[in-house]
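Biologist: I am new to this structure, and I would like a close look at one part of it. Please start with a single residue, and then show me the rest of the chain around it.

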Amino acid sequence: MSKTVFKKDLANKKMFITREFTGTVQEVWQAWTDSKILDQWWAPKPWKANTKTMNFSEGGTWLYCMQGPNGERHWSKANYLKIKPGESFELVDAFCDENGNVNSEHPQMHWKASFTPSPNGTTVEINITFPSEKDLEAIMEMGFQEGFTAAHDNLDGYLAAKSSSGK
């Protein structure tokens, strides 16, 4: 199994994340862009992701919550800026309420996710830009690295199950 690699560039307020997945670019792309699949892997267990609405298109949004084992809910919204089907997408991610109203107490993050074929499947590279060094550090202190790594492990499991079932 591949490992998620995180690199921080505090001076430029950026984080770089790379992970290789065993699946075709089409399969991995679909897992990142179809809410029915995202809900199966996006949250680190025992949490679950629950999509309220998703419009994966330029100018569209994904409104979802991370639901904890005790019923707690943390809402987020992704605003899709640019999409190159099967290659990359850019979005701004923000914490919000269940209606999508952004919580300005938490930093917003600008994501660019790129999908490229690799010897063992597909490499996903994510570049996240933050408004400030402090915001990058705050997200890391909230457990972003551990949670995102666990979610990637979930995606590996999803792709392995899909492969073994022949779907």
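**A cysteine and its surroundings**

Modeller: Let's begin with cysteine 96, which counts as buried because its relative accessibility is 10%. Here buried means under 20% relative accessible area, exposed means over 50%, and partly exposed is in between, using a 1.4 Å probe and protein chains only. Please keep in mind that this is a predicted model, in which local features need pLDDT of at least 70, side-chain atom pairs count only at pLDDT 80 or more, and totals for chains, interfaces and linings use all residues. Residues are numbered from 1 along each chain as its sequence is written, and side-chain values use heavy atoms, with hydrogens and water left out.

Does cysteine 96 have a partner, or none? The closest cysteine sulfur belongs to cysteine 65, and at 9.6 Å it is too far for a bond. A disulfide is a pair of cysteine sulfur atoms within 2.5 Å. By that rule, the count is zero disulfides. Cysteine 65, likewise, is in no disulfide, and its nearest cysteine sulfur is that of cysteine 96. Cysteine 65 is buried too, because its relative accessibility is 0%.

Now let's step back to the chain that holds these cysteines. The protein chain has four helices and eight strands; these are DSSP runs numbered from the N terminus, with helices (H or I) of at least four residues and strands (E) of at least two. Along the sequence they follow the pattern β-β-α-α-β-β-β-β-β-β-α-α. Of the 167 residues, 43% count as buried. The radius of gyration is 15 Å, which agrees with the value near 15 Å for a compact globule of 167 residues. That radius is taken over C-alpha atoms, and the globule rule is 2.2 Å times the number of residues to the power 0.38. The C-alpha trace spans about 45 × 35 × 30 Å along its principal axes.

Contacts show how the chain folds back on itself. Among contacts between residues at least 6 apart in sequence, 46% join residues at least 24 apart; contact means heavy atoms within 4.5 Å.

Proline 107 is a good place to see this. Proline 107 sits in the loop between strand E6 (88–96) and strand E7 (109–118). With a relative accessibility of 10%, proline 107 is buried. Beyond its neighbours within four places in sequence, proline 107 is in contact with Asp93, Phe95, Asp135 and Ile139. Proline 131 is 24 residues from proline 107 in sequence, yet their C-alpha atoms are 7.2 Å apart.

Further along, serine 118 lies in strand E7. Serine 118 is buried, with a relative accessible area of 18%. Leaving out residues up to four places away in sequence, serine 118 touches Glu20 and Thr123.

Another serine to find is serine 35, in helix H2 (residues 35–41). Serine 35 is buried at 18% relative accessibility, and, apart from neighbours within four places in sequence, is in contact with Thr51 and Met54. In the loop between H2 and strand E3 (48–54) you will find proline 46. The bond joining lysine 45 and proline 46 is a cis peptide bond, with omega about 10 degrees.

The backbone also catches the eye at lysine 13, in the loop between strand E1 (5–9) and strand E2 (14–21). Lysine 13 is not a glycine, although its phi is positive, at about 60 degrees. Most residues other than glycine have a negative phi, and most peptide bonds are trans. Lysine 13 counts as partly exposed, at 31% relative accessibility.

For a look at the outside, try serine 164 in helix H4 (residues 144–165). At 65% relative accessibility, serine 164 is exposed. The accessible surface of the whole chain is about 8900 Å², with 48% belonging to carbon and sulfur atoms; areas come from the Shrake-Rupley method with a 1.4 Å probe, and for residues only the protein chains shown count as cover.
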